[in-house]
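Please open the model in a viewer and keep the sequence panel at hand. The stops below are meant to be selected in order.

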Amino acid sequence: MRFLTLLLAIYLSFLSGYGQTKYTISGTISDETGEELIGANIYIHNLKAGAVSNAFGFYSITLPSGEYTISYSYVGYNTHTIEVELNENRKININLEPGSREIESVEIRAERRDANVRKVEMSTEKLQMKTLKRLPVIFGETDVIKTISLLPGVQASNEASGGFHVRGGSIDQNLILLDDAPVYNASHAVGFFSVFNGDALKDVKLYKGGIPPEYGGRLSSILDIRMKDGNNDHINLEGGIGMISSRLSIDGPINKENGSFIIAGRRTYADLLLLFAKDSLAKQSALFFYDLNTKINYKINDRNRIFLSGYFGRDVVKLGSLLRQDYGNTTATLRWNHLFSDRLFSNLTLIYSNYNYDLGVSESMMSMDWKTNIIDVNVKLDLSYFINPNNTLKFGIGSIHHDFNPGKVSSLIDTVVYNYDVPNTYSWEHGFYIQNEQNITKNLSLFYGFRFSVFQNVGKSKYFLYDSSNPLRYEISDTINQGWGQVYNTYSGFEPRLALRYAFNDKSSVKASYNRMFQYIHLASNSTSSLPIDVWFPSSPNVKPQIADQVAFGYFRNFNNNLIETSVELYYKNNQNAIDFRDHAELILNDKYEGELRFGESWSYGAEFMIKKPEGRLNGWISYTYSRTLRKIPEINNGKTYSAPHDKPHDISVVLSYDINDKINVSANWVYSSAPPRTMPTGRFEYMGKVAPVYSDRNTIRIYDYHRMDLAVTLYGKKPQERKPRKDGKSRSKYESNWNFSLYNVYARHNPLTISFTESEDNPEITEASMIYLYSVVPSITYNFKF
C-alpha cells in the first residue's frame with residue numbers, strides 16, 4: 001500500500017511539475033441569476049491555454065506566480081476579462097451577463113467556436129435548451145428524446161416510442177440520467193412525449209463513444225441531463241399553454257445568493273373533455289399524464305453546498321371500471337459538494353430511482369391486477385483534482401442496489417382469489433474509476449483511464465439450471481434456492497477508456513477513441529420499441545453480462561472563421577454475450593424467462609457525416625449516417641448472420657432555423673431512414689384443412705422507408721429592454737412571450753407503425769398486408785411566457 005501511495009505521489013508530482021512556486025485560482029462561474037454554467041471557458045492569454053468549468057460551475061487553475069490576463073466566456077454571454085497578479089491562492093467567482101437577443105437567439109451550444117476541434121472528446125453531442133424549444137415537435141412540446149434522434153448515429157425506434165438506438169445498440173443499452181438518477185422509461189403516452197420538461201432543464205449531453213470512465217453500466221450511450229438550480233436573485237415564472245398540455249415553473253431565491261429552488265409541473269388535459277361526453281363510460285374514463293420537477297440548493301459556506309432534486313411522473317389510462325393502466329418514474333438525488341482545497345473538489349451523492357407499472361382489468365365475474373417495478377438505491381463519491389491547466393484528474397467509487405420485481409398478479413374469478421408472483425431478484429453493482437485529461441503539447445491531448453466494475457447476485461432468490469440440448473426449448477435440469485443476503489454469483493470487469501486528439505491548427509484535428517463497457521442489467525422485450533410492460537432483469541448464473549468494445553476515428557474541420565463545422569466519424573463496435581429471444585418467446589409473467597433467451601455475438605459499424613452552422617441568422621445542421629448492425633446466435637436463424645431489428649443502413653437529418661428578424665423565427669426538420677428489417681410470411685401451406693404461413697429468415701425483408709418533414713414559426717413579443725418606461729418612472733414588468741405554430745408531418749406521409757397479414761375477404765387463397773400508421777398532418781399552437 002505504501003508503495004502504491006509513493007507511486008501516486010511521484011505521478012502527481014510529475015504531472016504538476018517541479019521547482020516552481022505555484023498558486024491556484026478557483027471559483028464558480030454563473031449567470032446573473034446565480035445559475036451555474038456548465039462548460040464555461042477560462043482562457044489564460046499569456047499561456048494560450050485554459051480550462052472549463054465542471055458540472056457545478058466550479059473551476060480551478062494552478063499556475064506559476066506572475067501576472068496573467070484571463071477571460072471567462074460562455075456562448076450567449078458577454079466575455080469577462082480580468083488582470084490577475086498571482087502571488088497567492090485566489091478565489092474569483094464570476095457572473096457573466098447575457099449577450100444581446102441577436103446573439104442569444106441563434107446559439108445551439110455552449111462552447112467556444114473551435115471547441116469541436118480543440119477538445120479531446122469525440123462522439124459527443126451537447127444541446128442547449130434554447131435549441132430544443134425552437135424546433136418543430138409534435139403537439140408543440142419540447143422533446144429531448146426526439147431531438148437527439150436528429151443527431152448523427154442516433155435513430156428513433158418509431159413514432160410511438162420514447163426509445164432510441166445509438167450506433168446499433170438496443171434501447172436498453174442507453175443509460176438515461178436525470179441529475180445522476182437513472183430513468184428506466186423516458187416516455188409519456190407510450191412514446192408521444194418524453195418525460196423531460198424543457199422548462200426544468202439546464203444541460204443535455206449525449207455520449208455515443210469515447211465514454212469517460214465515470215460512467216458505466218450500459219454499452220451504447222450515456223444521456224446526461226441536468227436540471228436547473230433555480231434563480232438565486234429574484235422570483236421567476238415561466239410556462240406554456242398548448243393544445244393538449246400546459247406547463248408552469250417557478251424558481252427563485254431561498255436565501256438571496258446562498259440558495260435557490262425550482263418547481264416545474266406539466267399536465268395534459270385532453271381527458272377533461274371526457275367530462276362533457278354524453279356516453280357514461282367515457283365520463284368515467286381518463287387519459288392523461290403529469291410530471292413534477294423539484295430542486296433546491298443551499299450554500300452552507302464557501303466550501304460546502306447541498307442539492308436536493310426530484311422527479312415525479314405518472315401516465316394514467318382508465319376506461320371506466322373495465323381497464324386501468326398507470327406507470328411512471330420517481331427519482332430523488334441528494335448531493336453534497338465539498339471543497340477539500342482550492343484544487344480538490346468532491347461530490348457525495350445519494351440516489352433513488354423507482355419505475356413501476358400497474359395494469360388492472362375488470363369484467364363481469366373476473367378481475368386482475370398486475371404490478372411490476374424496479375428500484376435502485378445508489379451512493380457514490382466523485383472527486384476532481386485540478387493539477388494544473390494541462391491535467392485534470394477525476395476518480396470515484398459507487399455502489400447500486402437493484403431490486404427487480406418482474407410481476408405480481410392478483411386475480412378474482414368467480415369469487416375465488418388467485419395470486420401469482422414472479423419472485424423478486426436482488427443484486428449489487430459496484431464501480432471504481434480513475435481518469436485524467438492531459439494536454440501533452442498545444443496540438444496533442446490525451447484522455448485515459450479505466451473503470452473496474454463488480455456485479456453480485458444476492459438472495460433471497462430462486463433460479464433454474466437449464467438443459468440446452470434442444471435449441472428450440474430449454475428444459476429445466478435443476479432448481480437452486482438461495483437464502484437472504486447470500487451472494488451466490490459474481491461478475492467483474494476491467495473497462496479501459498482512451499482518447500487522443502491531434503490538432504493540425506485551430507481549424508482542423510483528428511481524434512481517436514476506444515472504450516470497453518460492461519452491462520449487467522437487460523430488458524426483456526419482443527418489441528423494437530420501449531413499452532411500459534417491458535421487464536428489466538439482471539445478469540445471473542445463466543445470463544452473462546454483455547460486453548462491448550468500440551473504436552472510433554474522426555476528422556474535424558472548421559471553415560469561415562470557425563462558423564461552419566464539419567466532421568466525419570468512423571466506428572466499429574463488437575458486442576459479446578449479445579442477447580436475443582427464441583421464436584415465440586414468452587417473456588411476461590414468466591419466472592423461467594431465462595430459458596427464453598439465446599446468446600451470441602453482435603457487431604455494428606458505420607460512418608457519420610455532419611455539417612453544422614452554429615451561429616448566424618441561418619443555423620442548424622445536416623447529417624448523414626451509414627450503419628449496419630448484425631447478429632449471429634447459434635440457436636436463431638439456423639446459426640446464420642441476420643440483421644438486428646433496428647438495423648437501418650441509411651439515416652439523414654436536416655435541421656434548419658432562420659431568424660427573419662428579431663421577432664420571427666422559422667425552423668424546419670426533414671428526416672429519412674431506411675426501412676427496418678422484419679420477419680414476414682413469404683408463402684403458405686395447408687395441413688389437415690388448416691392454412692399456415694411460411695416465414696422468411698429472421699429480419700430479411702424491408703418494406704417502407706421512413707421520411708417526414710416538420711415546420712415551425714415562432715413569433716416573439718417585445719423584450720423587457722425594448723419597452724418604454726411607465727409615465728410615473730417605474731419600470732415595467734419584465735414579461736417575455738412568444739407564440740409557436742408548428743406542423744408535424746407536413747406532407748402527410750403515412751409511415752407504418754405495424755404491418756399485419758390476413759386472409760383476403762374476397763379470396764381466402766390470398767394473404768393481404770395491412771398497415772397501421774399514427775399520423776397525418778398534426779398542427780399545434782403553443783403560447784410561451786416568462787416573467
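The tour goes from the whole chain to its nonpolar cores and then to individual backbone positions.

This is a predicted model, in which local features need pLDDT of at least 70, side-chain atom pairs count only at pLDDT 80 or more, and totals for chains, interfaces and linings use all residues. Residues are numbered from 1 along each chain as its sequence is written, and side-chain values use heavy atoms, with hydrogens and water left out.

**Whole chain.** Begin with a cartoon of the full chain, which has six helices and 49 strands; helices (H or I, at least four residues) and strands (E, at least two) are DSSP runs numbered from the N terminus. The radius of gyration, 27 Å, is close to the 28 Å that the globule rule gives for 787 residues, so the chain is as compact as a globular protein of that length. That radius is taken over C-alpha atoms, and the rule is 2.2 Å times the number of residues to the power 0.38. Along the principal axes, the C-alpha trace spans about 95 × 75 × 50 Å. Of the 787 residues, 53% are buried, where buried means under 20% relative accessible area, exposed over 50%, and partly exposed in between (1.4 Å probe, protein chains only).

**Largest nonpolar core.** Next, select Val144, Phe196 and Leu223, which touch the most other members among the 34 residues of the largest nonpolar core. Such a core is a set of buried Ala, Val, Leu, Ile, Met, Phe, Trp, Tyr and Cys residues joined through side-chain atoms within 4.5 Å. Elements giving two or more residues to this core include helix H4 (129-134), helix H5 (144-148) and strand S17 (221-227). Centre on leucine 223: leaving aside residues up to four places away in sequence, its contacts (heavy atoms within 4.5 Å) include Val144, Ile148, Phe164 and Leu177.

**Another core.** Apart from the largest core lies another of 20 residues; select Ile44, Tyr68, Val84 and Leu86, which are among them.

**Backbone positions.** Move to arginine 167, in the loop between S11 and S12. Arginine 167 is not a glycine, yet has a positive phi of about 50°; at 1% relative accessibility, this residue counts as buried.

Then select glycine 459 and lysine 460, which are joined by a cis peptide bond with omega near 15°. Lysine 460 sits in the loop between strand S29 (444-458) and strand S30 (461-467).

End at asparagine 560, in the loop between strand S36 (546-559) and strand S37 (564-581). Asparagine 560 also has a positive phi, near 55°, and counts as exposed at 52% relative accessibility.
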